[in-house]
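Q: Please take a close look at one part of this model, starting from a loop and following the chain outward from there. Keep it brisk, and tie each step to the next.

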Amino acid sequence: MVAPLKVGLAGLGTVGGATARLLQKQEPEATIGRCGRPIELVAVTAKAKSELDALGLGPVRFVDSPTKLATDPEIDVFVELMGGSGDPAKSSIEAALGAGKSVVTANKALLAKHGVALAALAETKGVALNFEAAVGGAIPIVKTVREGFAGSTFERVYGILNGTCNYILTRMEQAKLSFADALQEAQRLGYAEADPTFDVEGNDTAQKIAILASLAFGVQVDGDAVFVEGISSLEPEDLEAAAELGYRIKLLGVAVRTDQGIEQRVHPTMVHLDSPLARVMGVTNAVTVDPEGFTPITLVGPGAGGAATASAVVADVVDVARGVRVKPLGRPTATLAGSRRAPMQRHEGGYYIRLSAVDRPGTFATIAKHLAEEKISLESIVQRRRNGAPHGGDDPQAPPPAPVILITYATTEDAVRKALREIKNRGVITGNPQVIRIEKN
Ligand code: HSE
């Protein structure tokens, strides 16, 4: 009888519990057929033993600390599903790797901060550090980028990496809900966390795109190198106007090769209605990989939830059982280039701009003049009448300001910001302009 791969699992929350159940469902015969040996869950650690008891898993040993479990002589692979960018996740993974054990984790926060050091340790020890579940839940995007395209050069990797935000944007568009109401609904349905800041301000997406950027472009994983803007300032009228103009607004993580280096950014983005990402609604995730020389490929699927994430975790364990040992970041860590935060003022692309224009003669002329001075060319302009809006300018008798929506051809962020600053200084708009970057298909 061939020796089983013995698994120690740390963390029995939604993903940990689902992983424990899925591991126990693996039929030894089938697993031997697939990877040459059976897989056995032998020990777990969690905040309380009652969490293990509640799962009714049978004879699985409870260990009272993650670090003890990580170095437990009986286990071959340590599965970390506790989360968090610090300890105990970090110290227990280091302990497991240091002891020559392979590690499987779903911990994007830890990888975005310490991914390079952990990958280097795994390389030195000749063990696996697998993290398919850290990005895109059940979508096998880590493997796709790292292994499926190992011989290709990427132009761009981008996608919808946060289900909470995609759900909120879907509801703001379809039911014309405000951001706050859509968020409340997402919380009621259990999609959004009690504290949703991390998701809606784009940080969760930033950690995921930092991981994909490293795999696709050979740069060091660094969550701090990602430019981040969240979705909380969007209004339902932006989603409505986007649709009228042939676009849909998505929170995207984008990693792209530019003349200035690898740009990594997260922000609300206008995508063409005919692009695959525009069709992805609700909590679903999707990633488009754009390799040099042929058409992009989009993978779509559940990005969160116990069963979906556990599927990716168990697939990583199966790889360890098969003896697969790839460099965690796809190439030796010593060869990774440094990551640096993109200077967004040099970002080039089209822009959606929504202004609240004071309704008096000369407003458009002033707007057009300052756009022209910055060499910004317009693809479309829409002006609406808005009833009941506050009066514009100093004159209480003046008609209410009217929303004006501009779509620009490709320009630079610097030019857009300069033109808008001048337009605001001339007193022809009220409030702050809404600016959304357009991502080409
Ligand atoms: N909170 C994330 C989301 C899932 O809403 O997609 C975990 O990364």
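**From a loop to the ligand**

A: Proline 88 lies in the loop between strand E4 (77-80) and helix H5. This is a predicted model. The peptide bond leading into proline 88 from aspartate 87 is cis. Its omega is near 10°.

Next comes H5 itself, which spans residues 89-98. Its partner here is helix H6, residues 108-125. The two axes come within 9 Å and cross at roughly 10°. Angles under 35 degrees count as roughly parallel, so that is how H5 and H6 run relative to each other. On the H5 side, the contact residues are Ala89, Lys90, Ile93, Glu94, Leu97 and Gly98. On the H6 side, they are Leu110, His114, Leu118, Leu121, Ala122 and Lys125. By class, this contact has seven nonpolar, two polar and three charged residues.

H6 also leads to the ligand. The helix covers residues 108-125, and Lys108 is one of the residues around the ligand. The others are Asn162, Gly163, Thr164, Asp199, Asp204, Lys208 and Ala304. Three polar approaches can be picked out. Glycine 163 places a backbone N or O atom 2.7 Å from an oxygen atom of the ligand. Lysine 208 has a polar side-chain atom 2.7 Å from a ligand oxygen. For aspartate 204, an N or O atom of the side chain is 3.1 Å from an oxygen atom of the ligand. On its own, the ligand has 260 Å² of accessible area, and the protein covers 81% of that.

Gly163 brings in another helix. H8 runs over 163-174, and Gly163 and Thr164 both belong to the ligand surroundings. H8 meets helix H12, residues 236-244. Their axes come within 8 Å and cross at roughly 75°. The range from 65 to 115 degrees counts as roughly perpendicular, so H8 and H12 fall in that class. Leu169, Met172 and Glu173 in H8 meet Pro236, Leu239 and Ala243 in H12. This contact divides into five nonpolar, no polar and one charged residue.

Past the end of H8 there is one more backbone detail. Lysine 176 sits in the loop between H8 and helix H9 (179-188). Its phi is near 55°. That is a positive value in a residue other than glycine.

Key:
Residues are numbered from 1 along each chain as its sequence is written. This is a predicted model: local features need pLDDT of at least 70, side-chain atom pairs count only at pLDDT 80 or more; totals for chains, interfaces and linings use all residues. Side-chain values use heavy atoms; hydrogens and water are left out. Axes are lines fitted to C-alpha atoms, for helices over the stretch in contact, and angles run from 0 to 180 degrees between N-to-C directions. Helices (H or I, at least four residues) and strands (E, at least two) are DSSP runs, numbered from the N terminus. Angles under 35 degrees count as roughly parallel, over 145 as roughly antiparallel, 65 to 115 as roughly perpendicular and the rest as oblique. Contact means heavy atoms within 4.5 Å. Ala, Val, Leu, Ile, Met, Phe, Trp, Tyr, Cys and Pro count as nonpolar, Asp, Glu, Lys and Arg as charged, and the others, Gly among them, as polar. A residue is near a molecule or strand if one of its heavy atoms lies within 4 Å of it. A polar contact is a pair of N or O atoms within 3.5 Å; within protein, one must be able to donate a hydrogen and the other to accept it, and residues adjacent in sequence count only if both atoms are side-chain atoms. Accessible areas come from the Shrake-Rupley method with a 1.4 Å probe; for residues, only the protein chains shown count as cover.
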